[in-house]
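Dear colleague,

I am handing over the structure that follows, and below it I have set down what was found in it. Please read the notes with the coordinates open beside you.

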Amino acid sequence: MMWSETSIAGALATEYFNRKYLVVVPNCNWTGYECDLLVVTNDLRIIDVEIKISRADLKADAKKEKWWHREFKGYTDPVEHFKDGRLVSITRDRLTEDTARSWPPKAWKHYYAMPAAIWTDDLIDALPSPMSGVLLLDRDKGGRLTISTRRRATPCREAGKIAAAQAVDIARLASLRMWAALKRQEAA
């Protein structure tokens, strides 16, 4: 079977997160960073799911901004730039201190989801955080979807619950996207 981000997201929303969670929104920036699936649990916590369809895509994820806290530390001393003996510019570089994050901002749990066929155990070292869980999707011999947990996500104890009004905003976004998709389908 050929997997796509959409087919994996749909399988997770309808099979894995179905009945256990309040709302699942694809391609959402609500946390301040893009996540492929934003899941709101019944007790109003956020689960961030990144969907990967290749090993290279998974390995590149560690460079994403959501995995780094950048603290501004100031500027370097000014550097004067001359051309033909004349001052043409003065530059200063920003100084930052980068600290790796264990969880994306606002996330209670974080998962990677991908086809089981691309997973190899050495990829565990490519994950940006040892706190991230791994979900593997496959089809059994009868063609039925299976979703297995290769590694459980570790909850972030500091991640607070969202307010009820925030959950309503996220649900509104999911509803508006559903109606837009139905409108596109009807037009096609």
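At 1.5 Å a residue, the 24 residues of α3 should span 34 Å, and the end C-alpha atoms of this helix are 35 Å apart, which agrees. Please keep in mind throughout that this is a predicted model. Helix α3, residues 164–187, lies across β1, β2 and β3 and runs at about 60° to β1. Within α3, Ala-167, Ile-170 and Ala-174 are buried, and β1, β2 and β3 are included in what covers the buried residues of this helix.

The strands that α3 crosses belong to an open sheet of six strands, in the order β1-β2-β3-β8-β9-β10, whose pairing is mixed. At its edges stand β1 (21–28) and β10, each of which pairs on one side only. On average, and with direction ignored, neighbouring strands of this sheet are turned by 25° against each other. Between β2 and β3, which run antiparallel, there are four bridges; Leu-38, for instance, has Asp-48 in β3 as its bridge partner. Helix α1 also packs on the sheet, where it touches β1, β2, β3, β8, β9 and β10, and its direction makes about 90° with that of β10.

Turning to α1 itself, this helix covers residues 5–16, twelve in number, and reaches 15 Å from its first C-alpha to its last, close to the 16 Å expected at 1.5 Å a residue. Its buried residues are Ile-8, Ala-9, Ala-11, Leu-12 and Tyr-16. Seen down the axis of α1, these buried residues fall within an arc of 160°, so they line one face of the helix. They pack against β2 (35–41), β3 (46–51), β8 (109–115), β9 (133–139) and β10 (145–151).

The last point concerns the aromatic residues, since a pair of aromatic rings is described by the distance of the centres and the angle of the planes. The structure holds two aromatic pairs. Tyr-16 and Phe-17 form an edge-to-face pair, with 5.1 Å centre to centre and 85° between the planes, and both of these residues are buried. Phe-17 and Tyr-21 form an aromatic pair that is likewise edge-to-face, at 5.4 Å centre to centre with 70° between the planes. Here Phe-17 is buried, with a relative accessible area of 1%, whereas Tyr-21, at 24%, is partly exposed, because buried means under 20%. Taken together, Tyr-16, Phe-17 and Tyr-21 form one aromatic cluster.

With kind regards

Conventions:
Residues numbered from 1 in each chain as written. Predicted model: local features only at pLDDT ≥ 70, side-chain atom pairs only at ≥ 80, totals over all residues. Heavy atoms only, no water. Helix = DSSP H or I, 4+ residues; strand = E, 2+ residues; numbered from the N terminus. Expected span 1.5 Å × (residues − 1). Buried < 20%, exposed > 50% of the residue type's maximum accessible area, 1.4 Å probe, protein only. Arc of directions from axis to C-beta. Contact = heavy atoms within 4.5 Å. Pairing = 2+ DSSP bridges. Axes fitted to C-alpha atoms, helices over the stretch in contact; angles between N-to-C directions. Phe/Tyr/Trp six-rings, centres within 6.5 Å; stacked < 30°, edge-to-face > 60°.
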